[in-house]
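Student: I have a new structure open and don't know where to start. Can you walk me through it?
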Amino acid sequence: MQSPDALIAGGGLIGCAIARELARRGLRVLVLDRQEPGQEASWAAAGMLTPDAESVEEQALVPLGNASLGLYSEFIGQIEGETGMKTGYRREGALQVFFGDGAEEKLGQWLAAVRRAGFRPEPLGAAELRRAEPALAADAAAGALLAEDGSVDNRLLTQAVAEAARRAGAEIRAGEGVARVVREGGRVTGVETRGGKIAAERVVLAAGCFTAQIAGAERYAPTRPARGQMAALRPAAAPLRRVVRGPSYLVPRDDGRLLVGATVERVGFEKAVTAAGIGRLLGDAVRMVPALAAAPVVETWSGLRPDTPDHLPILGPADVEGLWLATGHYRNGILLAPATARALGEWIVEGRTSLPVEGFSPLRFATGVRDRDQTAIG
Ligand SMILES: Cc1cc2nc3c(=O)[nH]c(=O)nc-3n(C[C@H](O)[C@H](O)[C@H](O)COP(=O)(O)OP(=O)(O)OC[C@H]3O[C@@H](n4cnc5c(N)ncnc54)[C@H](O)[C@@H]3O)c2cc1C
C-alpha cells in the first residue's frame, strides 16, 4: 500500500470496526497489530449488549451505550452480509435476578438506580422469573427483564469485522506494533514501528489497555488493565435462553456453551486464571442455576479490559492535528463498537459526529504542555 490515509494502531474489535468504517468512506486504511489481531479483550469478553449493566456506576455512558445498542442489528446485518460469517447475535433480553433473603429490597434499590438512568425494566416476581427461565434456582425471588438487551459471540464478531474491513479495502498487518506517534510542526506525520517510520496523515490509537504504552499516547490515554476471568461450561441441554445477571452473569451461546463471568481485578498485565477467581464464578453459576453442577467446564481464560481513571472511554481528536483516540472502553467495548466506529468515521471524514460523545474527549487527561518542537510526542 502507498502511504495510508489513516493508520490504526490496534486490531481488536474497536480498531477493526473503525478500519471498516473508514475504508467504506473511501480512505486507504492500514491497521497495525503487534500480534495476531483480535486476541486480547475482544477475544476474552462475554459479549453482553447491556447498556444498563453499569448504569448505576457510570451514568455518563448511558446515552452512547443506548445509541450503540440501537445501531447493533443493522451493524450485524451488514457484517454478516458482507462476509457470509456468523456472529452469534441474540436479542432475547437480559434478566437481572436477586436470590434468597432480602431479594425484594435489593430489587427495589436496583430498579430505582436503573430507572434514574432512564431504563424501563419490567419487574418480575418469583413465578414469572421461573416461567421466563425455568432452570433458575428455587430461591430466585425477585428480578426484572430488560427486553432490549442481547449478546453476541465477540470472538466470531471480531473475526467477521476484521474480514469486513479487509473486504472494504483495509490492510490488517499482524506482528507490527506501534512504538511511537510521530509528528512534525503540530501535526501527525505517521508512526514508528520496529521496522522504521510509516507515514500517515491520520493516526487512530485503538490499542485497548496497551494504548498508554505507545509513546505519545499516554497523556491522552492513561489506559490500564482490569483483568477479567471467565469460564465456559457445556451443559447437556441449554438451560437458559437469555443473559442472566445475578452475583455473576451467565451468557448462553448458540454453540451450546454457557459463559460465566467475570472477575474485575487490578493486577497489572498478568493474564492468569486463579483458583479463587474461577472458584467464585463456578460457585455463583451453580447457585444461580443448580443443574449446572453437572456441566463440564470446557474452558477458562482471562483478559484485560481497557480501563481509564474515570472508567469512561477516550474518543475523538487530540490537540495534535491528525491524531485520534478510540480506547478505554473498559467493560463495554463490544457494546460500543458500532457507535465508536460510526463516531470516528463521521469525525475523521466529516469533521463532526452525531453521536453522544460528550465527556469522552482525550483532552480531559492531557494536562501536560504541548511541545511543538519535538518530532515525536511523549
Ligand atoms: C472478561 C471480560 C468480559 C467482558 N465482557 C464484555 C461484555 O460482556 N460486553 C462488552 O461490551 N464488553 C465486554 N468486555 C470489554 C471488551 O472486551 C473491551 O472493552 C473491548 O474488547 C475493547 O476492544 P479494543 O479493540 O479496544 O481492545 P482489544 O481487544 O484489547 O484490542 C487491542 C489490540 O491492540 C493491539 N496492540 C496492543 N499494543 C499495540 C501496539 N503498540 N501497536 C499495535 N497494536 C497493539 C493488541 O494486540 C490488540 O489486538 C469484557 C472484557 C473482558 C476482559
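Tutor: Start with a term: helices (H or I, at least four residues) and strands (E, at least two) are DSSP runs, numbered from the N terminus. With that, Tyr330 can be placed in the loop between strand E19 and helix H8.

Student: Where does this model come from, and how are residues numbered?
Tutor: This is a predicted model, in which local features need pLDDT of at least 70, side-chain atom pairs count only at pLDDT 80 or more, and totals for chains, interfaces and linings use all residues. Residues are numbered from 1 along each chain as its sequence is written, and side-chain values use heavy atoms, with hydrogens and water left out.

Student: How many helices and strands are there?
Tutor: The protein chain has eight helices and 19 strands. Its radius of gyration, taken over C-alpha atoms, is 21 Å, close to the 21 Å that the globule rule gives for 378 residues, so the chain is as compact as a globular protein of that length. That rule is 2.2 Å times the number of residues to the power 0.38.

Student: What box do the C-alpha atoms fill?
Tutor: Roughly 65 × 40 × 40 Å, along the principal axes.

Student: And how much of the chain is buried?
Tutor: Of the 378 residues, 57% count as buried. Buried means under 20% relative accessible area, exposed over 50%, and partly exposed in between (1.4 Å probe, protein chains only).

Student: What is in the largest nonpolar core?
Tutor: That core has 50 residues, and those with the most contacts inside it are Ile8, Val29 and Leu157. A nonpolar core is a set of buried Ala, Val, Leu, Ile, Met, Phe, Trp, Tyr and Cys residues joined through side-chain atoms within 4.5 Å.

Student: Which elements supply it?
Tutor: Those giving at least two residues each include strand E1 (6-9), helix H1 (13-24), strand E2 (29-32) and helix H6 (154-167). The largest share, 10 residues, comes from H8. Apart from this core lies another, of 24 residues, with Leu30 and Ala200 among them.

Student: Back to Ile8. What does it touch?
Tutor: Not counting residues up to four places away in sequence, Ile8 touches ten-odd partners you can click through, including Ile18, Val29, Leu32 and Val204. Contact means heavy atoms within 4.5 Å.

Student: New topic: Thr327. Buried or exposed?
Tutor: Thr327 is buried, with a relative accessible area of 1%. It is found in strand E19. Leaving aside neighbours within four places in sequence, its contacts include Leu205, Thr211, Pro313 and Leu315.

Student: What about Ala44? Where is that?
Tutor: Ala44 is in helix H2 (residues 41-44) and is buried, at 9% relative accessible area. Beyond its neighbours within four places in sequence, Ala44 is in contact with Asn154, Met230, Trp301, Ser302 and Gly303.

Student: Which peptide bond is cis?
Tutor: The one from Gly261 to Ala262, with omega near -20 degrees. Ala262 is in the loop between strand E16 (258-261) and helix H7 (275-288).

Student: Why point that out?
Tutor: Because most peptide bonds are trans, and most residues other than glycine have a negative phi.

Student: Then which phi does His311 have?
Tutor: His311 has a positive phi of about 60 degrees although it is not a glycine. His311 is partly exposed, with a relative accessible area of 24%.

Student: And Tyr330, from the start?
Tutor: Tyr330 has a positive phi of about 45 degrees, and at 8% relative accessibility Tyr330 counts as buried.
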